[in-house]
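Reader: Please set out the structure shown here, and justify each descriptive term by its criterion.

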Amino acid sequence: MTEMTPAARERLDNYLQRMRTELRGTRSVVADEVEQSVREHIEIALAEAQGPIGATEVIGVLDRLGPPERWLADEERPAWRQFMDRIRTAPDDWRLAYLAFAMFLLSMLLFPAVGPMLIIPAMIVSRAYVELARDRGEPLGARRWLVYPSIAVVLAIATGLLIIGPPLGFMAMMFDHRFDQIFDVPSSEFGRIRFTAGFGGVLFGSWWILAAAFCAAFLRPIRFVFAPLLDGLRRKHFAVLAAIGAVVAAAGATLIYYRY
Amino acid sequence: MNDLSFDNWTTQLRKGLLELAVLNTIADAPLYGYEIVRRLSDVDHLVITEGTVYPILSRLKNSGLVDTYLQESQEGPPRKYYRLTPRGRDDLHRMNQHWESLHHAIGSLRKERKR
């Protein structure tokens with residue numbers, strides 16, 4: 001290629017790099033072919049210049065070629081690039097919502113690895129957006145599809161952990177310690193099953209009563225953290241959970257009492 | 001229509017017409033990329049950024065409307081020439097006919113409004 005000053009070469013290399021980045025992943029266009037044609041264009045445009053070509057001449061040619069970011073129509077660009085552009089150029093009202101959704105998608109894609117750590121920041125951004133919309137008195141409208149998913153996923157995980165986490169862990173620990181040495185467990189298979197089911201019932205039921213009491217006491221912070229999905233949460237819902245817990249615990253106790 | 005909407009409208013119109021313009025440029029004889037760009041740039045308001053033409057040429061080649069060949073040049077490295085394929089020539093004919101009928105239709109609407 002034509003002899004250039006280092007500054008001119010750097011300008012050209014930067015431009016070609018931007019072009020490659022912009023054309024990467026575009027299905028309707030062959031990026032290498034476009035690059036080859038653009039190189040040919042630049043070389044012909046600079047052919048008549050004398051001596052090593054300076055940055056000024058190169059900039060002139062590149063300015064006429066225009067920014068590669070404007071070469072393609074939106075529909076020709078890869079979906080991910082369109083999405084990133086929307087985050088970058090969307091109205092302020094939407095940008096944060098797109099960012100929240102992008103973080104949510106990333107956390108789902110990386111779920112087994114670092115996803116669980118990313119879902120919390122995604123939820124925080126979503127919650128910030130919900131609060132922003134509330135402060136402005138704006139309904140979320142279609143934007144709720146971008147901000148609700150991360151809040152919903154964290155809510156589902158938190159609910160699952162709250163309902164089954166501690167009692168399940170406790171039961172596993174008891175099995176590890178051969179709880180038939182601690183309790184009077186029947187030796188027959190049927191008796192053992194009855195006792196285990198009864199033990200589980202008492203454990204889960206008691207935990208649900210405790211958890212319901214705890215959540216009822218901290219109703220407002222819980223509603224705030226998971227707003228707007230839990231805006232309709234009331235103490236009566238925890239009363240229902242406590243009642244179910246009481247029934248399950250009573251059934252469990254009955255099974256233990258009549259284990260023989 | 002405010003300035004922003006007008007700019008957007010002209011951009012969309014230009015993008016739509018540029019493909020037709022590129023095909024018409026090489027209808028009579030094969031041309032290399034720089035020459036195509038230069039000829040299109042001579043048409044007022046058609047090409048704002050010259051680089052836009054190259055992705056269009058690549059897309060037209062991918063679609064089978066255009067093919068390329070290299071030819072030695074006395075003024076530097078070999079140049080890539082673009083020429084219409086038979087399918088490209090058929091499509092260009094249809095596109096030109098469609099453009100003519102659109103142009104005619106818009107012209108008729110404007111005449112009616114002037115009456």
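Author: What follows takes the terms in turn and sets values against definitions. This is a predicted model, in which local features need pLDDT of at least 70, side-chain atom pairs count only at pLDDT 80 or more, and totals for chains, interfaces and linings use all residues. Residues are numbered from 1 along each chain as its sequence is written, chains are lettered from A and ligands numbered from 1 in the order in which they are written, and side-chain values use heavy atoms, with hydrogens and water left out.

Reader: Why is Arg59(B) called buried?

Author: Buried means under 20% relative accessible area, exposed over 50%, and partly exposed in between, with a 1.4 Å probe and protein chains only. Arg59(B) has a relative accessible area of 19%, and is therefore buried. Arg59(B) belongs to helix α3 of chain B. Not counting residues up to four places away in sequence, Arg59(B) touches Ser28(A), Glu76(A) and Glu19(B), where contact means heavy atoms within 4.5 Å.

Reader: What makes α2(B) oblique to α3(B)?

Author: Axes are lines fitted to C-alpha atoms, for helices over the stretch in contact, and angles run from 0 to 180 degrees between N-to-C directions. Angles under 35 degrees count as roughly parallel, over 145 as roughly antiparallel, 65 to 115 as roughly perpendicular and the rest as oblique. The axes of α2 (residues 33–41) and α3 (residues 53–62) of chain B come within 10 Å and cross at roughly 120°. That angle makes α2(B) oblique to α3(B). The contact involves residues including Ile36(B) and Leu40(B) of α2(B), and Val53(B) and Leu57(B) of α3(B).

Reader: Which strands of chain B stand at the edges of the open sheet, and why?

Author: Strands are DSSP runs of E with at least two residues, and helices are runs of H or I with at least four, numbered from the N terminus. Two strands pair if DSSP finds at least two bridges between them. The open sheet has three strands in the order β1-β3-β2 (chain B), with antiparallel pairing. β1 (31–32) and β2 of chain B are the edge strands because each has a single partner strand, so one side of each lacks a neighbour in the sheet.

Reader: How do you know that β2(B) and β3(B) pair?

Author: Seven bridges join β2 (residues 66–73) to β3 (residues 76–84) of chain B, and the criterion asks for at least two. In this antiparallel pair, Thr68(B) has Tyr82(B) as its bridge partner, and Val66(B) stands opposite Leu84(B). The two strands form a hairpin with two residues between them.
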